[in-house]
Amino acid sequence: MELSGRDENAHPLAERPLSVSAVFEESEGIAAARGLARSLLSDAQRTHGLSVSGRAMGAVQLVVSELVTNARKYAPGPCLLTLEIINEVVEVTVWDSEPRLPVAQEADPARVGQHGLEIVMALCRSFEMHREPVGKRIKAAVALADDSVGDVADRQAL
């Protein structure tokens, strides 16, 4: 895992967003990706006084875990994880070398496994997938405050 872009200076978030990136290759664990997310959010709380709810802390780690797991499982070569805090939202971006975009399956409570994309989409304020010249980029945004997104049932009803 390589780290870059970590904001060690105490700049106001309005001046410069907080971000961190890491490359994961071969046998590196998903736990390291979750740890990177936890570290960024803890630093944002401690250094910048940003409010991060317990729900957001868990949701960001779960989104990171699911997206990096899928990249490592289905794409050859490394994957790049970037986490950026912008306007009280964490943007989780994962790039990998596989150009095929994942497809969320129909909800099926009897299905065992392959619910990761459904989970990610339910937790996020927004979700995007784009093919790149090489591979694809998936971006998911998670609100840091509990009340800024509203109830999941309300969002699904829209």
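**Pocket lining, cysteines and backbone outliers in a predicted model**

By residue class, the lining of the largest pocket comprises 10 nonpolar, 7 polar and 7 charged residues. The structure is a predicted model, and the pocket described here was computed from its coordinates. In total, 24 residues line this pocket, whose volume is about 570 Å³. Those nearest the pocket centre are Asn 70, Tyr 74, Pro 102, Val 103 and Leu 117. Four elements each give two or more residues to the lining: helix H2 (54-74), strand S4 (89-96), helix H3 (116-123) and strand S6 (136-143). Of the elements, H2 provides the largest share, with 7 residues. In general, empty space of this kind is revealed by rolling a probe the size of a water molecule over the atoms.

Confidence was considered next. The protein has a mean pLDDT of 83, and 80% of its residues reach 70 or more. Residues 1-11, however, have pLDDT below 50; in the model this stretch makes 32 contacts beyond near neighbours in sequence. A further stretch, residues 148-158, also stays under 50, and the model has 12 contacts for it beyond four places in sequence. Predicted coordinates should not be read in detail where pLDDT is low.

The cysteines were then examined. A disulfide is a covalent bond between the sulfur atoms of two cysteines. The structure holds 0 disulfides. Cys 79 has a relative accessible area of 1% and is therefore buried, the cut-off being under 20%. Cys 124, at 4% relative accessibility, also counts as buried.

Backbone torsions were examined in the loop between strand S3 (79-86) and S4, where Asn 87 lies. Most residues other than glycine have a negative phi. Asn 87, which is not a glycine, has a positive phi near 50°. The relative accessibility of Asn 87 is 70%, so this residue counts as exposed, the threshold being over 50%. Glu 88 is placed in the loop between S3 and S4, and has a positive phi of about 60° although it is not a glycine. S4, the strand that bounds this loop, is also among the elements that give two or more residues to the lining of the largest pocket.

Definitions and conventions: Residues are numbered from 1 along each chain as its sequence is written. This is a predicted model: local features need pLDDT of at least 70, side-chain atom pairs count only at pLDDT 80 or more; totals for chains, interfaces and linings use all residues. Side-chain values use heavy atoms; hydrogens and water are left out. pLDDT is the predictor's confidence in each residue, from 0 to 100. Contact means heavy atoms within 4.5 Å. On a 1 Å grid over the protein atoms alone, a cavity is a set of points where a 1.4 Å probe fits but cannot get out, and a pocket is an open set with protein on both sides within 12 Å along at least five of seven lines; lining residues have an atom within 4 Å of a point. Grid points are joined across faces, edges and corners, and a volume is the space filled by probe spheres set on the points. Ala, Val, Leu, Ile, Met, Phe, Trp, Tyr, Cys and Pro count as nonpolar, Asp, Glu, Lys and Arg as charged, and the others, Gly among them, as polar. A disulfide is a pair of cysteine sulfur atoms within 2.5 Å. Buried means under 20% relative accessible area, exposed over 50%, partly exposed in between (1.4 Å probe, protein chains only).
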